[in-house]
Structure formats: structure tokens, C-alpha cells
Amino acid sequence: MSATIIDGKAFSADIRGRVAEQVAALKAAHGITPGLAVVLVGSDAASEVYVKSKGRKTVEVGMESFEHRLPEETTEADLVALVEKLNADPKVHGILVQLPLPGHMNSDAVINTIDPAKDVDGFHISNVGLLGTGQKAMVPCTPLGCLMMLRDQLGDMSGKEAVVIGRSNIVGKPMAHLLLGESCTVSIAHSRTKDIADVVRRADIVVAAVGRPGMVKGDWIKPGATVIDVGINRIDAGEGKTRLVGDVEFESAKEVAGAITPVPGGVGPMTIACLLANTLTAACRANGLPEPEGLTV
């Protein structure tokens, strides 16, 4: 029996709809409009697309969108000065500095200039530490989206065995902390894990975020497991064309798994939806109001 396909497009649309409803309620009851500031330095083509999409979807849910586009030659000091200005702006509840930054800038130093309460990407060292110690934090968007889909699919995850493949600071490590917070038994597998297929086979939950196309084979998957594929890899499709695939060999895995996300159309759409959810959460926290139900950890 083939797995249930987890529709990330539909799920993200539902999340955005819930955010829009709560933004409208926040405006009506308190006169507060959540604001998201996005900073783009240079003209990276992929980043241009992401920023445009983020701005459009921010406005669609009723939030204020503030875009700051800076030339490639902008100094790190000037970028930091802009971030500090946004930190002090009460209309801005979320700040996102689009990565990658130009090579002459120290990304960590810039990110750590952001007020942790406005760090809707969840990359500030303070938020990393808070998440790692089980305290209230701003959670990175992609892992948050994965957690939302797992909660929707599985409900209570207590006692389940989970394997996260990949140990990046953006997905792998925060994902492991979130699963620990759900009382899962968590392993992190990576390029040097011995007998990695055997490690994955015992998992009720598999989150693949390693950046290697089709690495996880169908015979690695425990029958009935839930598979969340974070990988987005562009491969040659012949005749000068390319196509997107995940880190999981989808066709073989779907015959074994209980549920699985496709690529594209799985985790990807959740990232911007969770960015909007984080901005709403930040606005509520900044004003001492209850956090949006079901949109945060």
C-alpha cells in the first residue's frame, strides 16, 4: 500500500489562512499590525525570488511588509546600522536578513545583531541556546514547518523513535531539539554515521535534510514510518532540462512509508508560512498578548 502523501501546498495555505485570521483579530482588538522587515544585500537571483515571494505573502495575510534592498558593496557596518534601526522600530516585529550575504560580510555577526525577539528566522545565538535548553525561543522556519506537519499527521509523538539525517544549524540540529521536546527518542545521522541504513530502519519518524539527491532508499524505511523530506536538489533530467528531487528516493520510499512529503510541494511551501507565523508570534509576545494557538512551539 502506498504512503499518504503529505500535501505541503495545502497545509501551508491553511497555515497562512490561520495567520490572516489572527492578524485581523489582532488589528480589531488591539490596533496592532504585525510588521516584517526583509533585508536583501546584492542581487543573488534566488534570493531576489524568495524576497519577492515573502513580501507578497506578508501583505496577503494583512501584515506590513518592509523591504530594504542594499547594493552589493554595502559595508558590514552599514548593514549592522540598518539592523539596529529596525530593532528600535516598534512597527517592525520581525527582521529577516536574507542569506547568503556577500563574501566581505560576517553573516554570524550580522545575524547576532538582530534583536532575538525579532529574529523570526531563529538563527540568533540566543534563540539557538533557548531552543537547545527547552525554553521559549523563535524557532527556525523549516524545522517548525516539519514539526507542524508531524503533529498533524501523528498527533502525540511521545516515545516514538526519530532519526534526523543531517546536522546543519538551520535544519538538522533544531529539528532534533524540537523532536526531543515532543518526547521522541532522537538520533542524528550524518555523513560519518556507520551503517546509516540500519540506523534509519528503526525510526518511526525520518527527517532527511542532508542535501544529497535520493540518498535515502526505500529499503531504509521502516514500514509505516512517517518521512519528512527537507532536501531540495536540482538534477539533470536530460535534453538540457533539470528537475527537483529530495534527499529521499520518493518512488521506492512511498511504497513502504506510512506518510511522506513530496519534493517539490512538501516542506518547501511551509517555510514562508512559518515565517509569517513567527512574525505573528513575535508581535503577540512584544505586546504581552497570548501566542497564536497552533502556530508556535
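Buried means under 20% relative accessible area, exposed means over 50%, and partly exposed lies in between (1.4 Å probe, protein chains only). This is a predicted model, where local features need pLDDT of at least 70, side-chain atom pairs count only at pLDDT 80 or more, and totals for chains, interfaces and linings use all residues. Residues are numbered from 1 along each chain as its sequence is written, and side-chain values use heavy atoms, with hydrogens and water left out.

**Exercise 1. Classify Asp204 and Lys222, then describe their salt bridge.**

Step 1. Asp204 has 23% relative accessibility, so Asp204 counts as partly exposed. Lys222, at 30%, also counts as partly exposed.

Step 2. A salt bridge is a side-chain nitrogen of Lys or Arg within 4 Å of a carboxyl oxygen of Asp or Glu. In the bridge between Lys222 and Asp204, the closest N and O atoms are 2.7 Å apart.

Step 3. Place the two residues. Helices (H or I, at least four residues) and strands (E, at least two) are DSSP runs, numbered from the N terminus. Lys222 sits in the loop between β7 (205-208) and β8 (226-229), and Asp204 in the loop between α8 and β7, so the pair ties together parts 18 residues apart in sequence.

**Exercise 2. Find where the salt bridges of Arg201 and Lys136 lie in the chain.**

Step 1. Start with the total: the structure holds twelve salt bridges.

Step 2. Arg201 bridges to Asp198, with the closest N and O atoms 2.5 Å apart. Both residues lie in helix α8 (residues 196-201), three residues apart, about one turn of the helix. Arg201 is partly exposed at 32%, and Asp198 is partly exposed at 47%.

Step 3. Lys136 meets Glu291 in a salt bridge of 3.2 Å, N to O. This pair links distant parts of the chain, 155 residues apart: Lys136 is in the loop between α5 (125-132) and α6 (141-154), and Glu291 is in the segment after α10 (268-286).

Step 4. Check accessibility. Lys136 is exposed, at 58%. Glu291 is partly exposed, at 24%.

**Exercise 3. Work out the strand order of the open sheet and why β3 and β4 each have one side without a neighbour.**

Step 1. Two strands pair if DSSP finds at least two bridges between them. Three strands form the open sheet, in the order β3-β2-β4, with parallel pairing.

Step 2. β3 (64-70) and β4 (94-97) stand at the edges with a single partner strand each, so one side of each has no neighbour in the sheet.

Step 3. Look at one pairing. Strand β2 (residues 35-41) and β4 pair in the parallel sense over four bridges. Leu36 stands opposite Gly94 in β4.

Step 4. Add the helices. Contact means heavy atoms within 4.5 Å. Axes are lines fitted to C-alpha atoms, for helices over the stretch in contact, and angles run from 0 to 180 degrees between N-to-C directions. Helix α2 (residues 45-60) packs on the sheet, touching β2, β3 and β4, and its direction makes about 160° with that of β3. Helix α3 (residues 76-87) also packs on the sheet and touches β2, β3 and β4; its direction makes about 180° with that of β2.

**Exercise 4. List buried residues of helix α7 and what covers them.**

Step 1. In α7 (residues 172-181), the buried residues include Gly172, Pro174, Met175, Ala176, Leu178 and Leu179.

Step 2. Their cover includes α5, α6, β5 (161-165), β6 (185-189) and β7.

Step 3. Just after α7, Ser183 takes a positive phi of about 65°.
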